[in-house]
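This report looks at one protein model. Please keep the sequence and the 3D view open while reading.

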Amino acid sequence: MSTASVRLDRLRDSVDGRPLVLFGPSDVRWITGFTGSNGWLLVTEDDTTLVTDGRYSEQASDETSRHGCACSIEITRSLSEMVAIIAKRKLPSIVVRPSHVTLDISHSLEREGVSLEDGEQALAGCRRIKDSAEIHAMSRAAKITDEALHDVVNRIDGRPRERDLRDELEYLMRRLGADGPSYDTIVAAGPDNSARPHHRPTDRRLTDGDALVIDVGALVDGYHSDMTRTFFVGEPPSELERLFRVVSSAQLAGLEAVRAGAKGAAVDAACRRVFEAEGVIDLYPH
């Protein structure tokens with residue numbers, strides 16, 4: 001049995017065999033392997049239909065076949081045609097993830113007599129436990145990120161610009177097999193830039209005493225890695241070094257609290273206690 005078939009069975013079981021539509025590109029890809037930007041997946045007890053537009057007719061056929069997904073493919077030209085394909089099945093209702101449905105789509109379906117059932121928890125639950133193929137993709141993404149970062153950090157002594165490090169990281173990740181960066185790569189250096197969690201890299205050059213924050217991830221087969229590391233250029237100021245050690249200790253305390261069944265709040269509390277003990281809880285922004 002193919003991976004697609006196993007996932008499809010899990011999906012149907014999660015909603016007790018009721019008809020459902022996946023609108024999110026990641027969910028559609030999970031079942032079908034289709035990577036296009038426009039596609040809906042209609043799943044009933046008896047069949048599966050991928051609805052997309054003419055830009056993707058050949059791609060949809062090729063990708064679903066390679067993924068082992070035995071679904072029919074419907075090619076449309078507009079949102080109304082996509083809605084009509086669902087409406088013609090005469091389904092009184094479909095299960096959806098509300099977070100993936102626009103108001104426009106919702107109203108269009110309801111005008112055709114199709115009501116929407118909230119399946120957010122059930123459908124999201126199908127994705128929560130990863131199978132071996134997903135774990136492999138995530139592991140590859142993490143390994144690629146780690147290797148690229150290791151290579152780039154060795155170039156800090158040349159005092160490059162922030163944007164140079166970003167460009168080199170993204171180039172290396174692709175060279176190592178990533179489809180691209182997982183998100184906009186962050187390279188932030190110095191007292192102002194490194195204090196901004198979502199700083200955009202600039203022409204600023206690294207200088208001695210800088211804290212350098214790099215937040216980078218690789219995208220592999222639709223799966224993301226996410227890695228944040230802080231480095232010092234030359235000798236750091238003593239206060240900056242102290243705070244670095246506080247954060248490091250908090251991270252280790254959090255890791256100690258991680259186990260099957262642990263609640264996120266308990267892990268967070270373990271980290272917070274370190275900040276409180278050091279008298280810097282006001283610097284804990286999460």
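The text below covers a sheet, two pockets and a surface patch.

The model is predicted: local features need pLDDT of at least 70, side-chain atom pairs count only at pLDDT 80 or more, and totals for chains, interfaces and linings use all residues. Residues are numbered from 1 along each chain as its sequence is written, and side-chain values use heavy atoms, with hydrogens and water left out.

**The sheet**

Helices (H or I, at least four residues) and strands (E, at least two) are DSSP runs, numbered from the N terminus. Two strands pair if DSSP finds at least two bridges between them. An open sheet is formed by 3 strands in the order β7-β10-β11, with antiparallel pairing. The edges are held by β7 (180-181) and β11 (223-224); each has a single partner strand, so one side of each has no neighbour in the sheet. Strand β10 (residues 218-220) is joined to β11 by 2 bridges, and Val-220 stands opposite Tyr-223 in β11.

**The pockets**

A pocket is an open set of points on a 1 Å grid over the protein atoms alone, where a 1.4 Å probe fits, with protein on both sides within 12 Å along at least five of seven lines; lining residues have an atom within 4 Å of a point. A volume is the space filled by probe spheres set on the points, which are joined across faces, edges and corners. In the lining, Ala, Val, Leu, Ile, Met, Phe, Trp, Tyr, Cys and Pro count as nonpolar, Asp, Glu, Lys and Arg as charged, and the others, Gly among them, as polar.

| Pocket | Volume | Lining | Nonpolar, polar, charged residues |
|---|---|---|---|
| Largest | about 1500 Å³ | 36 residues | 21, 10, 5 |
| Second largest | about 470 Å³ | 20 residues | 6, 7, 7 |

Val-213, Thr-230, Val-247, Phe-275 and His-286 lie nearest the centre of the largest pocket. Elements that give two or more residues to its lining include β9 (211-216), β12 (227-232) and α11 (264-277). Helix α10 gives the most, with 8 residues.

Arg-29, Gly-33, His-67, Asp-221 and Tyr-223 lie nearest the centre of the second largest pocket. Here α2 gives the most to the lining, with 4 residues.

**The surface patch**

Leu-252, Leu-255 and Val-258 form a nonpolar patch on the surface, with about 300 Å² of accessible area together. Leu-252 is in helix α10, which also gives the most to the lining of the largest pocket. Patch residues have over 30% relative accessible area and no salt bridge (a side-chain nitrogen of Lys or Arg within 4 Å of a carboxyl oxygen of Asp or Glu). Nonpolar side chains (Val, Leu, Ile, Met, Phe, Trp, Tyr) are joined within 5 Å, and like charges within 9 Å. Accessible areas come from the Shrake-Rupley method with a 1.4 Å probe; for residues, only the protein chains shown count as cover.
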